[in-house]
Structure formats: C-alpha cells, structure tokens
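Let's take a friendly walk through this model together. Please keep the sequence and the structure side by side as you read.

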Amino acid sequence: MRYLWSVPAAVVAWFVGGFSATYLKGLPEGTTYFVPPRIDLVVLGGFAGGVLAGLLIGRIRIAVPIVLIVAAGMWWLTGSPFGDLLVTLLVASALGGFFGALGARSSVVAAFALALPVAWTALRPAEQLADWRWLWQLNGLLVGAGLAILLYVACWKRGWRSVGSWIPLTGFYLVSFGIVASVRLVSQSTGKPMDAVGDASTEAFFQSFEPLLREYWPWMAVGILLAIPMVALKLRALPPPPPPIDPYADKSNDAVLSDDLDWIDQEEPRRRLLPRRPSVPSAQE
C-alpha cells in the first residue's frame, strides 16, 4: 500500500524538485520542453530529483528503475534526440535515486545526498538579481539556512551521536558549490576543446571556495549555531524510548520439569539424628 502513494509522489518530486525552478524561465515561448537541453540543469536537476524520489520510495531496487523510467519518459516527451545528454540525465537521476534511497535508512547519508541540491539552490538569486542591493544578505541567508537544514537532517535519527559528521558534511557542502560552478562552466563552454574546458572547470572549482568563505562565512557560522538548538528541540520533543522488551514476559514463573525430576517437588523426609555411640573402652582400662 505504501508504494501506491510513494511512486506517484516520487515522479512528481523528480520533476518539481529537479526542474521546476529552472525550466519555466529558461524556455523560449511556444515550446513544451520538460527537460532543458543544458548540461548543468540536466546533471544537477536530475540528481536533485532523484534524491527526492529516492527519499520518498526508500527502496533502491524500486527507486532507481522508477527514476530511470521517468527520466527517459520525460526526455522522450521533449522530442529531443537520444544522445549524450540523455545518458547524462539517466546517470545523474540513478545516482540521486540510489543515494536518496540510502538516505531513507540513514539520515547522515541523506544529508550528504541533499548537500549538492541545496548548494545548487542557495546561490540561484545571484544569477537573477545581479544588481540587487540586498543580494549578499539573501544569498548568505540561503547558504546558512541550507547548512543548518543539512546538519539538522544528519542528526534526525541518531541524535547527538551524529554530531561527528558535521565537520565532513560542512566540507562536502563547500565542495558542492565548487561542483556546481564547474558544471555550469562546462555547460557554457559548448564547442570548445576538451582540454580547455577541463582546465577552466578545474580552475572554477577551486576559485569558488575563496569568495564563498570570504563573503558568507558569518552566515555559515550562524547556520551551525542555529542547527544546535534545532537538534536539541527536536530531541526534546521526541517521546521517551520504550522500555526494552522482556523475552520472558509471556512465560509464567513456574518451571516446567520433566517426569524424572518430580522428586524435586516432593517433601524430603525428616531426618532423625542417631545418638552418639559410646566409646568402646580400651584393653588397658
């Protein structure tokens, strides 16, 4: 019964979570493309949608085929030729569904899987509002809120025992911004030599950390401080854990003895003490 609602919800989540924020403004008028023919949107959107679909379904053997079918079906509806971008979309969606299904069992894995989609979404206002006055505040708020959500998700199941994953999770969150920058640069370098594209994407990957740490590190510190009370309130709101199950609760206290041990329950006859025998006089007496 669970799959009757999780599978349709996963299909909607794959599309809405992966492409709803990008395809509406990126399409020319009069077109019906569901999947934009841009490698950055295909990779990042397919992965983000796959993660959400995997989290909803929670089974790898079901989530991965579902996202592959949905991705191939959406690509076929666009009328685009079957080529490298389709393979890229399928691989990104399958990886997202795999990690999303693993994240349904371990909240730490879910946090790592969501780091790339959150980083992709956090700096999107910078593309649309380049001259806006409050752009630093908006981007910083999204970066800090995204980190707080990831740290909160990491402690969802195990509580404070997962705090040790906050340091690698924060590092992977920063790396995700570099991955996003590299993928976007590759999408804008169509027709250029592969060596030049590879060098430029590598340079963009490493250069993305400097402005991020220089401009948004206060917001990331606020995000970490915000995650601490979020986890504390979540753990405080949980009901106390149930007591451990007694394996002998359904059994009576009376021991079941076999027939050859019935003598244990019988009353032992009262022992009669014999008087002490008088000592025998020796021959010298």
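Residues 85-102 are 100% helix and 0% strand, with the C-alpha atoms at the two ends 26 Å apart. Helices here are DSSP runs of H or I with at least four residues, strands are runs of E with at least two, and both are numbered from the N terminus. For residues 62-79 the chain is 94% helix and 0% strand, and its end C-alpha atoms lie 27 Å apart. Both stretches appear in UniProt, where an unreviewed entry lists "transmembrane region" for residues 39-57, 62-79, 85-102, 107-123, 135-154, 166-186 and 216-233. The UniProt positions are in the numbering used here, feature names are shortened, and such annotations may be inferred rather than shown by experiment.

A word on the basis of this report. This is a predicted model, in which local features need pLDDT of at least 70 and side-chain atom pairs count only at pLDDT 80 or more, while totals for chains, interfaces and linings use all residues. Residues are numbered from 1 along each chain as its sequence is written, and side-chain values use heavy atoms, leaving out hydrogens and water.

As a whole, the protein has 10 helices and 0 strands. Of its 285 residues, 36% are buried (under 20% relative accessible area; exposed is over 50% and partly exposed in between, with a 1.4 Å probe and protein chains only). Among contacts (heavy atoms within 4.5 Å) between residues at least 6 apart in sequence, 74% join residues at least 24 apart.

Now for the helix pairs. Two packed helices are described by the angle between their axes and the distance between the axes. Axes are lines fitted to C-alpha atoms, for helices over the stretch in contact, and angles run from 0 to 180 degrees between N-to-C directions.

| Pair | Angle | Axis distance |
|---|---|---|
| H5 (residues 107-122) and H7 (residues 135-154) | about 170° | 8 Å |
| H5 and H8 (residues 166-187) | about 50° | 8 Å |

H5 is therefore roughly antiparallel to H7, whereas H5 is oblique to H8. The cut-offs are under 35 degrees for roughly parallel, over 145 for roughly antiparallel, 65 to 115 for roughly perpendicular, and oblique for the rest.

Which residues join H5 to H7? Among them are Ala111, Leu114 and Val118 in H5, meeting residues of H7 that include Leu142, Gly146 and Leu150. By class, this contact has 12 nonpolar, 4 polar and no charged residues (Ala, Val, Leu, Ile, Met, Phe, Trp, Tyr, Cys and Pro count as nonpolar, Asp, Glu, Lys and Arg as charged, and the others, Gly among them, as polar).

On the H8 side, the contact includes Phe112, Leu116 and Trp120 of H5 together with Phe172, Tyr173 and Arg184 of H8. Its residues divide into 15 nonpolar, 1 polar and 1 charged.

Back in helix H4 (residues 84-103) sits Ser93. Is Ser93 buried or exposed? Ser93 counts as buried because its relative accessibility is 0%. Beyond its neighbours within four places in sequence, Ser93 touches Trp14, Gly46, Phe47, Gly50, Val67 and Ala71. Ala94 is also in H4 and is buried, at 18% relative accessible area. With the same neighbours within four places left aside, Ala94 is in contact with Val64, Val67 and Leu68.

Finally, Ile228 belongs to helix H10 (residues 209-237) and is partly exposed at 38% relative accessibility.
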